[in-house]
Amino acid sequence: MNPARADTPRLSIEQVAPGIYVHQGTHELPDRHNRGEIANIGFIVGQRCVAVIDTGGSPEQGYALKTVIESTTAVPICYVINTHVHPDHIYGNIAFKQPSVSFIGHHKLAEAMAMRAPFYQEMAERDLGFRLKSENFVLPDHSVRDTLVLDLGGRTLLLRAHRTAHTDSDLSIYDAQTKTLWLSDLLFMGHLPVIDGSLNGWLATIEQLKTIDAKLAIPGHGPIAADWPEALAPEERYLKNLQSEIRAFIKDGRTMEEAMANVGLSAHDDWQLFDEFHKRNVSTAFAELEWEDD
């Protein structure tokens, strides 16, 4: 039974390449109005089965995504790939929980979900207006430590587990058939990049991603990018600027508070939600960089 409300609007979906469908989220903070449904989510259709990539910011959005998939193709769903631990990407998991569906994530995802579940439950009720039970946190059945190839029938996906970057549980998905690289929150377009992992690790990951032969890149937030690897440039520029300016502040013996008030302000007009996330990025990066070896 699909417990989505009867008045749930149909989820908008776009086929961005043959067999690859994306719902584009909006650049907003999660709240009771949008119910946390702010990320790009979607699915890839093979001849044998469908892989869902992230399930949305609420159980309701997960059921709406499932309904769209079932109305788009008769091919059954066999995989749900969670690209990382953040709520806007995993709260719809329960909609797909059944014996015929395997959940896949980074080898650190299960631990990250378990550690954050109590806080996420509190936050969902307080900020988003719905309650989550323990069963809403559907853990991976299979974990990716390095790479994993999934065969959807006439189409293979290469999943890669990355070092700590945006988070400590980032996965990317590459579809060789269309040369589509689904990066989720390893790529932000328009929305300020958010550091919940490692600034240095993210910049190192960007260097690796640049070498991939892709025609299309799907970010976790923002429009689909056809100019690869140029699409990475704004994000990389922002992160490198943070790195260099914070290192200079640390070298001069200045405090985290001074850095939060002064670092990276030249990028203010380049990004949406800058005021909401930039200072947090500075504090996270400062805490990492002040422990670098001299």
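Does D175 count as buried or exposed, and at what relative accessibility? I shall come to that residue within its salt bridge. Please keep in mind throughout that the model is predicted.

Let me open with the salt bridges. The count for this structure comes to 12. I shall discuss three pairs and one network.

In the pair that contains D175, its side chain meets that of R155 in a salt bridge, with an N to O distance of 3.0 Å. The two partners come from distant parts of the chain, 20 residues apart: D175 belongs to strand β10, residues 171–175, and R155 to the loop between β8 (147–151) and β9 (156–161). To answer the opening question, D175 counts as buried because its relative accessibility is 1%, and the cut-off for buried is under 20%. R155, at 5% relative accessibility, likewise falls under that cut-off and therefore counts as buried.

A further salt bridge is formed by the side chains of R35 and E60, at 3.9 Å from N to O. This pair also links distant parts of the chain, 25 residues apart. R35 sits in the loop between β2 (20–23) and β3 (41–45), while E60 is in helix α1, residues 59–72. Both of these residues are buried.

The side chains of D196 and R116 meet at 2.9 Å, N to O, in another salt bridge. D196 lies in the loop between β11 and α4, and R116 lies in helix α3, so this pair ties together parts that are 80 residues apart in sequence. As for exposure, D196 has a relative accessible area of 30% and is partly exposed. R116 is also partly exposed, with a relative accessible area of 23%.

Salt bridges that share partners also build a network, which joins E207, K210, E236 and K240.

I turn now to helix α4, which spans residues 199–209. Its buried residues are L199, G201, W202, L203, T205, I206 and L209. Which elements cover them? The cover includes β11 (180–188), α5 (233–251) and α7 (274–289). At the start of α4, S198 places a side-chain oxygen within 3.5 Å of the backbone nitrogen of N200.

Next, the largest pocket. Its space amounts to about 650 Å³. The lining consists of 29 residues, and those closest to the centre of the pocket are P30, H86, P87, F277 and R280. Four elements each give two or more residues to this lining, namely α2 (87–90), α3 (109–128), β11 and α7. Of these, which gives the most? That is α3, with 7 residues. By residue class, the lining comprises 13 nonpolar, 7 polar and 9 charged residues. Two of the elements have already appeared in this talk: β11 and α7, which line the pocket, are also among those that cover the buried residues of α4. Helix α3, in turn, carries R116, the partner of D196.

Finally, I should like to consider I104, which is located in strand β6, residues 102–106. With 2% relative accessibility, I104 counts as buried. What does I104 touch, leaving aside residues up to four places away in sequence? Its contacts are Y79, V80, I81, N82, P140, H142, V144, L148, L150 and L159. H89 stands 15 residues from I104 along the chain, and the C-alpha atoms of the two are separated by 13 Å.

Methods: Residues numbered from 1 in each chain as written. Predicted model: local features only at pLDDT ≥ 70, side-chain atom pairs only at ≥ 80, totals over all residues. Heavy atoms only, no water. Buried < 20%, exposed > 50% of the residue type's maximum accessible area, 1.4 Å probe, protein only. Contact = heavy atoms within 4.5 Å. Polar contact = N/O pair within 3.5 Å; in protein donor to acceptor, adjacent residues only side chain to side chain. 1 Å grid on protein atoms, 1.4 Å probe; cavity = no way out; pocket = protein on both sides within 12 Å on 5 of 7 lines; lining within 4 Å. Points joined across faces, edges and corners; volume = space filled by probe spheres on them. Nonpolar A, V, L, I, M, F, W, Y, C, P; charged D, E, K, R; others polar. Salt bridge = Lys/Arg side-chain N within 4 Å of Asp/Glu carboxyl O.
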